[in-house]
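Let's take a friendly walk through a protein model together. Have the sequence and the 3D view ready, and look up each residue as it comes along.

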Amino acid sequence: MEPRSEHRMMLGTDIERYSDRNGSDQNRLQWALVSSLTQAATAAKLAFPEWECQPQGDGQFVVLPVSTDRYAVLGAFITALAEAVAAQQTATFRVRMRLSVHEGPIQLDGPNGYPGDHAVQTNRLVGAQSLRAALAACPEAWLGVIISDRVFADYVGQRPGGPPRDQFRRVDVAEKNQRYVAYLHLPGHNVHALDLASAPPANPPGGAAGPVYNFSGTGSNVAVHGDQTNHQTFRS
């Protein structure tokens with residue numbers, strides 16, 4: 001029987017520094033992940049009960065329904081997800097999430113997942129070092145987003161409702177012998193102002209305490225590098 005293949009939009013999610021936490025905190029992080037995704041999908045009027053989710057402990061790989069509104073994913077969903085993750089923060093508990101967005105044909109009836117290059121790309125992007133570096137360089141951001149060049153070209157800036165094109169930063173991603181062009185977005189923050197080359201390690205050895213956070217709710221005024229001086233610093 002021929003494999004069943006369909007063109008779908010896919011999400012990859014991952015919780016930062018999950019392995020540094022103890023079992024109790026990991027359980028709490030998993031609840032925070034699921035709760036944030038559920039709240040954001042509901043707020044964006046996406047059909048969450050129809051999502052095909054593959055749990056991965058510290059993340060999920062999600063295959064969205066055929067009828068998914070791509071603009072709602074890039075607009076209302078990302079906005080609501082950033083708010084939901086921010087609402088998880090307490091004085092003693094911190095959650096930071098990475099999100100990747102891609103689309104393309106994948107096989108839906110694999111014996112142990114979703115075979116296909118596009119499923120692989122979605123998972124490679126969520127672990128991209130450039131996305132980790134962006135979050136390391138901007139401790140005030142709770143959500144880091146990376147989208148594929150296909151999604152950027154087809155949907156970003158094509159109609160009102162989502163973040164404009166100048167809130168995305170082009171990066172080259174090299175992960176496990178695969179190379180991709182992708183775009184970074186940190187909701188509420190100016191991704192162009194970040195010096196990714198000089199960012200501290202995203203997961204420093206033995207650094208379970210993680211980066212120092214600023215809980216004032218205001219984006220940091222970091223210096224603008226290169227030719228990005230025309231971009232404003234966004235407030236969270």
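## Rings, charges and cores

R28 lies over the face of F93, at 3.9 Å from the ring centre. The ring of F93 has a second charged visitor: the charged end of R21 sits over this ring, 5.9 Å from its centre.

Before going further, a word on confidence. This is a predicted model. The mean pLDDT of the protein chain is 84, and 83% of its residues reach 70 or more. Residues 204–236 are another matter, with a pLDDT below 50, although this stretch has 51 contacts in the model beyond near neighbours in sequence. Where pLDDT is low, the predicted coordinates should not be read in detail.

**Ring against ring**

How many aromatic pairs does the structure hold? There are 6 of them. Two are set out here.

| Pair | Centre to centre | Angle between planes | Arrangement |
|---|---|---|---|
| W51 and F77 | 5.8 Å | 70° | edge-to-face |
| F61 and Y114 | 5.7 Å | 55° | tilted |

Planes over 60 degrees apart count as edge-to-face, so the 70° of W51 and F77 puts this pair in that class. W51 sits in the loop between α1 (23–43) and β2 (52–55), while F77 belongs to helix α2 (residues 70–87); the two are 26 residues apart, and their pair links distant parts of the chain. Both W51 and F77 are buried. Ring pairs also bring in F48, which joins W51 and F77 in a cluster.

Now follow F61 and Y114. F61 is in strand β3 (residues 59–63) and Y114 in the loop between β4 (97–107) and α3 (117–126), so their pair ties together parts that are 53 residues apart in sequence. Are these two residues buried or exposed? F61 has 1% relative accessibility and therefore counts as buried. Y114, at 19% relative accessibility, counts as buried too, because the cut-off is under 20%.

**Polar side chains inside**

Burial is not limited to rings here. E103, found in strand β4, is buried, with a relative accessible area of 3%. Which side chain does the side chain of E103 meet in a polar contact? The partner is the side chain of H7, at 3.5 Å. Leaving aside neighbours within four places in sequence, E103 is in contact with several other residues, including R8, R70, R150, D154 and Y155.

N190 lies in the segment after β7 (178–185). With 6% relative accessibility, N190 counts as buried. A polar atom of the N190 side chain lies 3.1 Å from the backbone nitrogen of H192.

**The nonpolar cores**

In soluble globular proteins, nonpolar side chains tend to be buried together. In this model, the largest nonpolar core has 39 residues. Those with the most contacts inside this core are L11, F77, L81, L99, V101 and I147. You have already met F77 as the ring partner of W51.

Which elements give two or more residues to this core? They are β1 (5–15), α1, α2, β4, β5 (143–148) and α5 (149–155). The largest share, 9 residues, comes from α2.

Take I147 as a place to zoom in. Not counting residues up to four places away in sequence, I147 touches L74, V101, L125, F152, V156, F168, A182 and Y183. Apart from the largest core lies another core, of 19 residues, with L125, A128, V171 and L186 among them.

Terms used
Residues numbered from 1 in each chain as written. Predicted model: local features only at pLDDT ≥ 70, side-chain atom pairs only at ≥ 80, totals over all residues. Heavy atoms only, no water. pLDDT = per-residue confidence, 0-100. Contact = heavy atoms within 4.5 Å. Phe/Tyr/Trp six-rings, centres within 6.5 Å; stacked < 30°, edge-to-face > 60°. Helix = DSSP H or I, 4+ residues; strand = E, 2+ residues; numbered from the N terminus. Buried < 20%, exposed > 50% of the residue type's maximum accessible area, 1.4 Å probe, protein only. Lys NZ or Arg CZ within 6 Å of the ring centre and 35° of its normal. Polar contact = N/O pair within 3.5 Å; in protein donor to acceptor, adjacent residues only side chain to side chain. Core = buried A, V, L, I, M, F, W, Y, C linked by side-chain atoms within 4.5 Å.
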